[in-house]
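Here's a quick tour of the fold and its cross-links. Have the sequence and the 3D view open as you read.

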Amino acid sequence: MPTFLSVLTLACALAGSINAQLVNLGSALPFAVLGGSAVTNAGPTVLVGSLGVSPGSSITGSRTVVDGTVHAADAVASQAQLDVTTAYNDAASRRATPLVGDLGGRTLEPGAYSFTSSAFLTGTLFLDAQGNPDSVWVFQTGSTLITASTSTVAVINGGVACNVFWQVGSSATLGTGTTFVGNILALQSITVRTGATNNGGLYARKGAVTLDNNAITHQLCP
């Protein structure tokens, strides 16, 4: 007969895989960066995908936009922000396995995971798709998402970056030299420090997206 502890362990494992369906980004999908109030390029940056801002209109600084277009407070950016709000609320509503402590040094199977307050990453987080290219990860943070310098998120065993989503209750900061993976849906702002790279979209609903020198973000999802 299973013990209470073994049943509890099994329930927690199953919770991680509940509600792990893809989060629909809608018309926001082609955007590498979408800000709410502004997008600031504090140094030369590279964006693979479209660049937009709404309801604000300020896009400043030196940037190279590859395979995308620029939308400042136009109908395209406005609709994309509406779709980001829908995606944000969807991600936030998922039933998820609670996590505590640093994400660094962990290997997580597909599923939905949550932090009641801030989420931190120091070192490397492995996302193990277990051979399934349709695997999805959804991370919910009640407050901030912060990575230390040179931290890494790596999708392994057949997974794809397009299927990783970070719902952030306030603001996200990718530290200097971070190699990150996933679509960040932040209620407020997103800051990408010098030399950091993200494979996925950066979506700030209300605040600014700030990209420091040599920051790179790719939105390569179909």
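## Ground rules

Let's settle burial before anything else: a residue is called buried under 20% relative accessible area, exposed over 50%, and partly exposed in between, using a 1.4 Å probe and protein chains only. By that yardstick D90 is partly exposed, with a relative accessible area of 26%.

Keep in mind that this is a predicted model, where local features need pLDDT of at least 70, side-chain atom pairs count only at pLDDT 80 or more, and totals for chains, interfaces and linings use all residues. Residues are numbered from 1 along each chain as its sequence is written, and side-chain values use heavy atoms, with hydrogens and water left out.

## The sheet

Helices (H or I, at least four residues) and strands (E, at least two) are DSSP runs, numbered from the N terminus. Two strands count as paired if DSSP finds at least two bridges between them. In general, strands of a sheet pair through backbone hydrogen bonds, either parallel or antiparallel.

Here, 9 strands make an open sheet with parallel pairing, in the order β5-β3-β1-β20-β17-β14-β11-β8-β6. The edges are β5 (70–72) and β6 (97–98), each with a single partner strand, so one side of each has no neighbour in the sheet. At the β5 edge, strand β3 (residues 50–53) pairs with β5 in the parallel sense over 3 bridges, and L51 has V70 in β5 as its bridge partner.

Helix α2 (residues 75–93) packs on this sheet, touching β1 (31–35), β3, β5, β11 (137–141), β14, β17 and β20. Contact here means heavy atoms within 4.5 Å. The helix direction makes about 90° with that of β1; axes are lines fitted to C-alpha atoms, for helices over the stretch in contact, and angles run from 0 to 180 degrees between N-to-C directions.

## Strand β17, covered on both faces

Which residues of β17 (residues 183–186) are buried on each side? N183 and L185 are buried on one face, I184 and A186 on the other.

The strand also has a parallel partner on either hand in the sheet order. With β14 (residues 164–168) it forms 4 bridges, and W166 is matched with I184. With β20 (residues 202–204) it shares 3 bridges, again parallel, and L185 stands opposite Y203.

## Salt bridges

Side chains of opposite charge can pair when their charged atoms come close. The cut-off used is a side-chain nitrogen of Lys or Arg within 4 Å of a carboxyl oxygen of Asp or Glu, and the structure holds 2 such salt bridges.

One joins D90 and R94, with the closest N and O atoms 3.0 Å apart. R94 is buried, at 8% relative accessibility.

The other joins D212 and R193, with the closest N and O atoms 3.6 Å apart. This pair links distant parts of the chain, 19 residues apart: D212 sits in the loop between β21 (208–211) and β22 (216–218), and R193 in the loop between β18 (190–192) and β19 (197–199). D212 is buried at 14%, whereas R193 is partly exposed at 36%.

## The disulfide

Taking a disulfide as a pair of cysteine sulfur atoms within 2.5 Å, the count comes to 1. C162 and C221 form it, their sulfur atoms 2.2 Å apart, and the link is left-handed, with -115° about the S-S bond.

This one also ties distant parts of the chain, 59 residues apart: C162 lies in the loop between β13 (152–156) and β14, and C221 in the segment after β22. C162 is partly exposed at 21%, while C221 is buried at 15%.
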